[in-house]
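Reader: I'd like to walk through a model feature by feature, with the general idea before each case. Can we do it that way?

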Amino acid sequence: MIESQIQANFLLDELPDLVFIVDNDGAIQYTNKCSKQLLGKKQLVGTQFSELIDEQDLKRFPERPQDWINWRSCYDFPWEVRLLLESGQSQLVSGKAKTISLPTDSLSDFEGVLVVLRLVGQPNKLNLRRDLLLSAIEAADSSIVVADMLQDDEPLVYVNRGFLNISGYEVSEVLGRNCRFLQYANDQVPSSHPEGKPGVVEIEAAISAGQKANVILQNYRKDGTPFYNELHLTPVYEKDLLIAYVGVQNDVTQRVRSQQQLQEREQTLSSFLEAAPTVMGVVEMSEAGVAHHIVTNATSKNFPEPAPQVDQVLKSTVFTSLGLSIAAQEKWQFALKQSLKNQEVVRFEYEIEGREGQQRYFRAIVNPVPTEAAVALRYCYVVEEITDLVEVEREKALMGAAIENIRESVVITKPRLAGEESPKIVYVNKAFTEITGYTEEEAIGQTPHMLQGELTDPSVLARL
């Protein structure tokens, strides 16, 4: 029916090109005279168009007729396929397809695809190389887009499968649009794009200058979820005319979020470090034994100046900045070697003499920090002044010695606790053991009741 109606016109039969009309299922409904003569087949109507294509090209040829129309349209290239001849050989042809609607004798019109092909004398090696290149681009995991700089608003004219996978859009939803729609959630593009958004200013400046750009943008997928997009823009020139921009995009959301978390941890650690009342620092020591600070906190910056006799035994201002005497530097040197050699925490105490001649006492903790570099060794340290603690301990020792040697009996107990009849003894001196005959071990943990007997005066106890 379709063939008889078209042949009545005689126009398509006189064309030197191959003309096919195919229904939406891919079956041929009409062929012109040139097609029949070239293919050498008596019966083409009713045959599937895909049966005419060489097996080598059939692998890349779209199955549905609706897809033939847009095949290669993103690249503005014509088809280039090989048709099978009756002789078994193949003939290279070039052309395109479009949708058509034709009236019929029935109540409904015929809907199908018009295919017009032209003979190609020799295979176009350039196009074959383009096919290979485009296939590689289409298969790439990275998102690749091309923007036409010669059209108004610089629309996208090509996107690969990687872009569709990242963005969630379909080809029909993005071609012909400026790629700035990715900058807004749920595709809500305002009348004017934002100013000052990170990365946008750099892109606009690069495009204005026709230069390359490499930025990280926060973009949005079709469903509104945000992601971080690492964009590489490359200009394409033709005889000094900027004709296109190629954009290669990678989803770096995980990397950016990891960096943000690391920055947050560093800020938290820095805040703690600056607020800490103790002296803290991170030191890197070379194989030659020369050390330098990487990090110091605020307390270390206010550390007292060293005494005049300080010497640089370890060839480092790190230790002189801590006010170390020669003896103290030797302790540090020993502790560092032990810590770095055994990769363990080392605790030690040292003393220095201040500017006014007073002795000052410190407790230090050195901890090795694992690094990938083999040429440098790092460690962190914490230094706490314990001068007041040492003086208190000395006073306690002196008082203890005095109490221990006086002739009067001395007993120290805990305060009475709820439910206890009498407080427990925690200390007795030597005079107590001599007077009472109880040893220290026998008295500790008991109560003063242990000294009471039949002759103890109850009135004295009541007064106590």
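Reader: Let's start with charges: how many salt bridges does a search of the whole structure find?

Author: Keep in mind that this is a predicted model. As for the idea, side chains of opposite charge can pair when their charged atoms come close. Here the search turns up nine salt bridges. Take R82 and D57, whose closest N and O atoms are 2.9 Å apart. R82 sits in strand β3 (residues 79-84) and D57 in helix α3 (residues 55-58), so this pair ties together parts that are 25 residues apart in sequence.

Reader: And is D57 buried or exposed?

Author: D57 is buried, with a relative accessible area of 2%. Its partner R82 counts as partly exposed, at 25%.

Reader: Which residue does K222 meet in a salt bridge?

Author: That would be E173, at 2.8 Å from N to O. K222 belongs to the loop between β8 and β9, while E173 is in helix α7 (residues 171-174), so parts 49 residues apart in sequence get tied together. K222 is partly exposed at 38% relative accessibility, and E173 is partly exposed as well, at 26%.

Author: The loop between β8 and β9 comes up again with R221. D251 forms a salt bridge with R221, and the closest N and O atoms are 2.6 Å apart. Since D251 lies in strand β10 and R221 in that loop, the pair ties together parts that are 30 residues apart in sequence. D251 has a relative accessible area of 36%, which makes it partly exposed; R221, at 21%, is also partly exposed.

Reader: On to strands. Which residues of β13 make up its covered face, and which its uncovered one?

Author: In a regular strand the side chains alternate between the two faces of the sheet. Look at β13, residues 346-353: V346, F348, Y350 and I352 form the covered face, and R347, E349, E351 and E353 the uncovered one. The strand runs antiparallel to β14 (residues 359-369), with eight bridges joining the two. For F348, the bridge partner in β14 is A364.

Reader: Now helices. Why can I say that the buried residues of α8 line one face?

Author: Start by listing them: in α8 (residues 200-209), the buried residues are V200, I203 and A206. Looking down the axis, they fall within an arc of 130°, so they line one face of the helix. What they pack against is β8 (213-220), β9 (226-238) and β10 (241-251). After the helix comes G210, with a positive phi near 65°.

Reader: How about single residues: is S35 buried or exposed?

Author: Compare the relative accessible area with the cut-offs: under 20% is buried, over 50% exposed. S35, in helix α2 (residues 33-39), has 0% and is therefore buried. Setting aside residues up to four places away in sequence, S35 touches L18, V19, F20 and L44.

Author: For the opposite case, go to I435 in helix α14 (residues 430-436). Its relative accessible area of 59% makes I435 exposed. Beyond its neighbours within four places in sequence, I435 is in contact with R407 and S409. R407 is 28 residues from I435 in sequence, with 9.7 Å between their C-alpha atoms.

Reader: Last one: which residues make the nonpolar surface patch of about 300 Å²?

Author: V460, L461 and L464 make it. L464 lies in the segment after α16 (458-463) and, at 83% relative accessibility, counts as exposed.

How values were computed: Residues numbered from 1 in each chain as written. Predicted model: local features only at pLDDT ≥ 70, side-chain atom pairs only at ≥ 80, totals over all residues. Heavy atoms only, no water. Patch = residues over 30% accessible without salt bridge, like charges linked within 9 Å, V, L, I, M, F, W, Y side chains within 5 Å. Areas by Shrake-Rupley, 256 points an atom, 1.4 Å probe, with all protein chains shown as cover. Salt bridge = Lys/Arg side-chain N within 4 Å of Asp/Glu carboxyl O. Helix = DSSP H or I, 4+ residues; strand = E, 2+ residues; numbered from the N terminus. Buried < 20%, exposed > 50% of the residue type's maximum accessible area, 1.4 Å probe, protein only. Pairing = 2+ DSSP bridges. Contact = heavy atoms within 4.5 Å. Arc of directions from axis to C-beta.
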